Amino acid sequence: MPRLPDGDPAPDSGELPATALQTLGKRPFGIYLHVPFCRVRCGYCDFNTYTLTELGPGASTSTFIDTTLAELDLAQAVLGDSAPRVDTIFVGGGTPTMLAAADLVKAVDGIRDRFGLADDVEVTTEANPDSVTPDSLRELADGGFTRISLGMQSAVPHVLATLDRTHDPAGVEKAVRAAQDAGMVTSVDLIYGTPGESVDDWRRSLDQAISLESEHVSAYALVVEEGTKLAAQVRRGEVARPDDDDEATKYEIADEVLSAAGFGWYEVSNWTRTPAGRCRHNDGYWTGGDWWGVGPGAHSHVGGVRWWNVKHPRAYAGRLTDGLSPGAGRETLTAEQVRDEQVLLQVRVRDGLVVDDLDDIGRRAVAGLVADGLVDGTAAVRDRRVVLTLRGRLLADTVVRRLLGVDSGGHGGSALTGDGTVLP
């Protein structure tokens, strides 16, 4: 599990600089709620998650939502009259649907009561296929949830076993159909590059995902994170480390298969059938929006100030019980950091990065990136936007380095190895 970033101490009051509040409402505003509970910790996962046996006193699924409502009270007090209505809510984890559907609806109601919701608010929860039922999904939809992202990962049993996933592949279709019947937009998440996964296995997973008729598919390369069970298995030689070339091939297959089925990419790791199927909450991250992250280890960003909460649910609950902000640290972004993050994130989306937003080094690099086949020449010349080609998506890190002047030379670079975005 990764450590929290370095930064300045966060004030116990949670107070933000006045300058951070001045532009609130001029960008999308979202709420991210981190639910840290999992029934089983997957071997590849380094997210801030805990099984119930790890938590100890003071951190309970039964009291968790009430604790998060206390942080929402803090958010309301800090943002004050500057607080805009909420455009998007995203409940992630962990496995949010380990909580009762009524609890998740209670959280949405709490956000509505404190901030108000946009008329077209998007409300998403993540879920494992075996953690939902038709009744729970109907309760979520009736309570305001509009979208669900289901962790399918693979349609192949031996791949799921390597990833320590507990669901039956057949359960994915049941969960998707039940969510669709409840009126929710559905998305499925896939992972490619698992040790032992063949190209045929990957094609099988893609075909199964397409057959579900979901509006949205995410596909992420498996990354071996230090401190995980998978990293230990790789280190001991029990499983092979994912191969960059294999993952690049599977990414190309994903784009080919999904495109043929009517999906279009809108971010390096995300495809949708229609513009309405995009995850607007994640769009807020990629385009520099504002959001308040609620929950243990959650990250927030408002007006150029980023902060993060203490990680352990018990410490998180304790600080709020004592009337203190759960913030562990924060940083105020410099103009250079804002520019670098704009390049890092916006270059990854299909809408592209405005060429005129680059500095002189970045603008001079665009012609070379077009010549190397990494950036679409028509979009660069006609639309004045940096839009990645398929090869550019595979080498997105290289494109970013060259636009920032970190890597000014030649061809090549590292293959795509993961999502790479800055998420809370």
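Cys279 is buried in this predicted model, with a relative accessible area of 2%. That value is well short of the 20% under which a residue counts as buried. Cys279 sits in a loop, between strand 8 (270–272) and helix 10 (280–286). Its contacts reach to other parts of the chain. Leaving aside neighbours within four places in sequence, Cys279 touches Phe90, Glu122, Arg147, His216 and Tyr266. Ser187 offers a further reference point. Its C-alpha atom is separated by 9.1 Å from that of Cys279, although the two residues are 92 apart along the chain.

Strand 2 comes next. This strand covers residues 86–93, and seven of its eight residues are buried, so strand 2 is largely enclosed by the rest of the structure. Strand 2 has a pairing partner in strand 1 (residues 29–35). The two run in the parallel sense and are joined over six bridges. Within strand 1 and strand 2, Leu33 stands opposite Val91. Strand 2 also pairs with strand 3 (residues 117–127). This pairing is again parallel, over five bridges. Here Ile89 has Val123 of strand 3 as its bridge partner. Helix 3 (residues 101–115) completes the arrangement: strand 2, helix 3 and strand 3 make a right-handed β-α-β unit.

Several backbone angles call for comment. Most residues other than glycine have a negative phi, and most peptide bonds are trans. The bond between Gly93 and Gly94 is cis, with omega at about 20 degrees. Gly94 belongs to the loop between strand 2 and helix 3. Gln153 is not a glycine, yet its phi is positive, at about 65 degrees. This residue lies in strand 4 (residues 147–153). Gln153 is also buried, at 9% relative accessibility. Asp164, likewise not a glycine, has a positive phi of about 65 degrees. Its place is in a loop, between helix 5 (157–162) and helix 6 (169–181).

Aromatic rings were examined next. Across the whole structure, eight aromatic pairs were found. One of them joins Tyr251 and Trp271. Their ring centres are 5.6 Å apart and their planes meet at 45 degrees, so the pair is tilted. Tyr251 lies in helix 9 (residues 244–260) and Trp271 in strand 8, so the pair ties together parts that are 20 residues apart in sequence. Tyr251 is buried, at 0% relative accessibility. Trp271 is buried too, with a relative accessibility of 0%.

Open and closed spaces were also searched for. The second largest pocket holds about 350 Å³ of space. It is lined by 21 residues, and those closest to its centre are Gly288, Gly289, His301, Val338 and Glu341. Helix 10 and helix 12 (335–346) each supply at least two residues of this lining. Helix 12 gives the most, with five residues. As for closed spaces, five cavities of 30 Å³ or more were counted. The second largest cavity has a volume of about 50 Å³. Its lining is made by Ala10, Pro11, Gly14, Glu15, Trp307, Ser325, Gly327 and Arg330.

The last element considered is helix 16 (residues 396–403). This helix is mostly covered, with six of its eight residues buried. The buried residues are Ala396, Thr398, Val399, Val400, Arg402 and Leu403. Their cover comes from several elements. Among the helices that provide it are helix 12, helix 13 (360–371) and helix 15 (390–394). Strand 13 (353–354) and strand 14 (385–386) also take part. Helix 12 thus appears in two settings: it contributes to the lining of the second largest pocket, and it helps to cover helix 16. Just after helix 16, Gly405 takes a positive phi of about 80 degrees.

How values were computed. Residues are numbered from 1 along each chain as its sequence is written. This is a predicted model: local features need pLDDT of at least 70, side-chain atom pairs count only at pLDDT 80 or more; totals for chains, interfaces and linings use all residues. Side-chain values use heavy atoms; hydrogens and water are left out. Helices (H or I, at least four residues) and strands (E, at least two) are DSSP runs, numbered from the N terminus. Buried means under 20% relative accessible area, exposed over 50%, partly exposed in between (1.4 Å probe, protein chains only). Contact means heavy atoms within 4.5 Å. Two strands pair if DSSP finds at least two bridges between them. A crossover is right-handed if, with the strands pointing away from the viewer, the path from the first strand over the helix to the second runs clockwise. Rings of Phe, Tyr and Trp (its six-membered ring) pair if their centres lie within 6.5 Å; planes under 30 degrees apart count as stacked, over 60 as edge-to-face and the rest as tilted. On a 1 Å grid over the protein atoms alone, a cavity is a set of points where a 1.4 Å probe fits but cannot get out, and a pocket is an open set with protein on both sides within 12 Å along at least five of seven lines; lining residues have an atom within 4 Å of a point. Grid points are joined across faces, edges and corners, and a volume is the space filled by probe spheres set on the points.
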